[in-house]
Amino acid sequence: MNADTAQLRFRLLVGLILFCVALANADILLNRHPHIPAEAPYGFYAWFGLFACLACIVLAHIACLLLPRKEADDD
Amino acid sequence: MTSLPPGLLMILAGLACLLPLKSKRARQLPQWLLLLAPLLSLLHILTLPLGAEVTRTFLGMQTMPLRVDALSRLWGLLFHFAAIAAGLFSFTLTDRRQHAAALAYAGAAIGAVYAGDLLTLFLYWELTGVTSVFLVWAAGTRRSVASGLRYLLFQVGSGVLLLAGALMQFSDTGSIAFNATVLTIPGAPFLLLGFGIKCGFPLFHTWLQDAYPESTPTGTVWLSIFTTKLAIYALLRGFPGESLLIPIGLVMAVYPLFHALIADDLRRVVIYNLHNQLGFMVVAIGIGTPLALNGAAAHAFGGIFYIALLLMVLGVVRQQLGTSRASALSGLIARLPRTAIYCAIGAASISAVPLFCGFASKALILSAAAEAHLERTWILLLFASVGTVLSSGVRVASAFYLGEAPDTAAVLEEPPRVTRLGMGVAAGFCVLIGVFPFLLYRLLPFEMHYRLFTLEHLVTQLQLLTWVLLAYIAVRAAGLLPHSRPAALWDTDWFYRCAFPEAIRVIGGAAWSRWVRALGALRRVMLFVAERVRTLHDAEGVFGRTWTTGTMVLFAAIFLCLYLLVYTFWS
């Protein structure tokens, strides 16, 4: 990977982070109408996305440890 | 045109594919039938007016081979559109047996959704199972044969349960009409289980991930369209609002995600996500409000196209590279730029990105759960949405958009134009529904007023998606993704692949050793008896040796005395 590509990737990442932060704070401008209490907290969808993603990955690692399956098992 | 059962044209076209044809031009007939039969069948169902019904009496039962209402019309249209897309995708294939199986399978599924009674439904239901197994076997590998047999067992078992439920309903009510029912009615639990097996209810779902990825690249596309969506239709008609379906659907929505996150074969990953999407629909049917039922129908409609599209894309990759394993794929956009666009559309649709069909349908289900104040259900569905983005959306797209282009001797080229047209039709539906959702909403079985494109919907969905993407990038950069090494997880097929055979071996082994011991003991007893008999009857034995006349006379006298005593005292 050359220097230009690395710089482009860094800029894209910074842009994505800024976009994410801006979106998470868009709740200030929105007049949200939560149907259930769970979605009422500020920036709920942003932090839910973050933590649900991490939870998925952690649970998948745990499942890998508990229920490993070999290719030959399929036969 | 009501005298012609829907789907029959396609079944007949499937049979015509098997005609022994000699000339080169005539041998192309199956390919053209693959395109023409769904089109003609579509024209036929468009002539059927809403509310049309045809009844017949069969063995004293009132059957209804045709019932056209909003629900059957929606599914009829859906199956035809999907068959046209799959037909275009499969057009270049020259294996007429696959064309025959695909057409008959699609025709049977179409016939089933227009069935107004359980007996007609049963006949088409079994026909879908019997015809589709040939698509699994078409791969011709040892694994596909074994998977196909297991698949057939589940499909036939599902049909048998459906028949049992129908007969119980007939004996109780005198009717085999296929309408909404409740579990307290005799036969209804059998119907639910029969539908559930085909729908992939937990513990009965393993045929899905077992058989579908073993089929051919085109066969997997056909298989992904009909079987499970027919089951969703049956649940939607038979058990709307059955609350038991909510926990069942939640397990279906969440559980396959962990398999999808880990599996290496991307076609298997997509099949796991097909299962997870079915979970959303089952939950919505369980909620049972008009919005939820519309959500289930809309999600089935959109889901068919984006799942089929992803499987088409991966089928193209598999045909070209001989593999669809994530560990072997990267940077495919450099070699297959057009296919990469279809991949992006499929990935965006399944991830519910705004302006793609997944967003238009999933929003209905989540809104229905929220409006019904099912907080935990809603949170778990949202969690499942995140898992879907991670497992299918990001992973399949990664194979095209991340990493270096494959350094392979195989020449990678875009598929033929007609194949791309098939992908284009599926992609077109994904975008069309996403941009103009009201086109789909108008077809839904219940009236509703739903505003999809509100600022709140768009912003919250983008919040969710972008933060998932950010978390994924962070975890990937840290090298902590669970699928960084090829792996797989045991599923509930462990019970019948490992536990039961082992139990039979252990229990059977113990029983066999006892049986052998018992036989040994019996043999010893018989040898002992034989030895005693031989001893008594040989030349020196009591009964074998020659007795003297005096001994004989003595015995005769003893017997005469005994007789005299008996005669005296007995009388």
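**Exercise 1. Locate Asp265(B) in the loop between α10 (245-262) and α11 of chain B, and state whether the residue is buried or exposed.**

Solution. The model is a predicted one.

Step 1. The position is fixed by the two flanking helices: Asp265(B) belongs to the loop that joins α10 (245-262) to α11 in chain B.

Step 2. The relative accessible area of Asp265(B) is 11%. The cut-off for a buried residue is under 20%, so Asp265(B) is buried.

Step 3. When residues up to four places away in sequence are not counted, Asp265(B) touches Pro213(B), Arg318(B), Ser324(B) and Arg325(B).

Step 4. A separation in space may also be given. Asp265(B) and Met448(B) lie 40 Å apart, C-alpha to C-alpha, with their positions 183 residues apart in sequence.

**Exercise 2. Describe the surroundings of Gln277(B) in helix α11.**

Solution.

Step 1. Helix α11 of chain B covers residues 266-287, and Gln277(B) lies in this helix.

Step 2. Gln277(B) has 2% relative accessibility and counts as buried.

Step 3. Neighbours within four places in sequence are left aside. The contacts of Gln277(B) are then His299(B), Tyr306(B), Ile350(B), Lys362(B) and Thr388(B).

**Exercise 3. Determine which residues are in contact with Phe81(B), leaving aside its neighbours within four places in sequence, and assign Phe81(B) to a class of accessibility.**

Solution.

Step 1. Phe81(B) is part of helix α3, residues 70-90 of chain B.

Step 2. The relative accessibility of Phe81(B) is 22%. Partly exposed residues fall between the limits of 20% and 50%, and Phe81(B) therefore counts as partly exposed.

Step 3. With neighbours within four places in sequence set aside, Phe81(B) is in contact with Leu42(B), Phe301(B), Phe305(B) and Phe429(B).

Step 4. From Phe81(B) to Gly165(B) the distance is 32 Å, C-alpha to C-alpha, and the two are 84 residues apart in sequence.

**Exercise 4. Two residues other than glycine, Leu203(B) and Ala352(B), have a positive phi. State where each one lies and whether it is buried or exposed.**

Solution.

Step 1. For Leu203(B), phi is near 80°. This residue is placed in the loop between α7 (188-199) and α8 (206-211) of chain B.

Step 2. Leu203(B) has a relative accessible area of 56%. Exposed means over 50%, so Leu203(B) is exposed.

Step 3. For Ala352(B), phi is near 60°. The loop that holds Ala352(B) runs between α13 (337-350) and α14 (357-371) of chain B.

Step 4. Ala352(B) is buried, its relative accessible area being 3%.

**Exercise 5. Give the secondary structure of chain B and explain why chain B is described as more spread out than a compact globule.**

Solution.

Step 1. Chain B contains 20 helices and 2 strands.

Step 2. For 571 residues the globule rule gives 25 Å, whereas the radius of gyration of chain B is 32 Å; this value is well over the rule, so chain B is more spread out than a compact globule.

Step 3. Along the principal axes, the C-alpha atoms of chain B fill a box of roughly 125 × 65 × 60 Å.

Step 4. Of the 571 residues in chain B, 56% are buried. Among the contacts in chain B with a separation of 6 or more, 81% are between residues 24 or more positions apart.

Step 5. Chain B exposes about 24,300 Å², with 69% supplied by carbon and sulfur atoms.

Step 6. The chain carries 39 positive and 25 negative charges, whose mean positions are 7 Å apart.

**Exercise 6. Describe chain A in the terms used for chain B.**

Solution.

Step 1. Chain A has 2 helices and 0 strands.

Step 2. The radius of gyration of chain A is 20 Å, while a compact globule of 75 residues would have one near 11 Å.

Step 3. The C-alpha trace of chain A spans about 55 × 45 × 15 Å along its principal axes.

Step 4. Buried residues account for 33% of the 75 residues of chain A. Its accessible surface is about 4,900 Å², and 71% of this belongs to carbon and sulfur atoms.

Step 5. There are 5 positive and 7 negative side chains in chain A, with the centres of the two sets 8 Å apart.

**Exercise 7. State how many residues of each chain are in contact across the interface and how much area the two chains bury between them.**

Solution.

Step 1. The contact involves 42 residues of chain B and 43 residues of chain A.

Step 2. An interface is often sized by the accessible area that is lost when the parts come together. Between them, chain B and chain A bury about 4,100 Å², and 73% of this is on carbon and sulfur atoms.

Step 3. On the side of chain B, the residues that lose the most area to chain A are Gln463(B), Trp467(B) and Trp490(B), together 17% of what that side buries.

Methods: Residues numbered from 1 in each chain as written. Chains lettered and ligands numbered in written order. Predicted model: local features only at pLDDT ≥ 70, side-chain atom pairs only at ≥ 80, totals over all residues. Heavy atoms only, no water. Helix = DSSP H or I, 4+ residues; strand = E, 2+ residues; numbered from the N terminus. Rg over C-alpha atoms; globule rule 2.2 N^0.38 Å. Buried < 20%, exposed > 50% of the residue type's maximum accessible area, 1.4 Å probe, protein only. Contact = heavy atoms within 4.5 Å. Areas by Shrake-Rupley, 256 points an atom, 1.4 Å probe, with all protein chains shown as cover. Lys, Arg positive; Asp, Glu negative; His and termini not counted. Charge placed at Lys NZ, Arg CZ, Asp CG, Glu CD. Buried area = accessible area lost by both parts, 1.4 Å probe.
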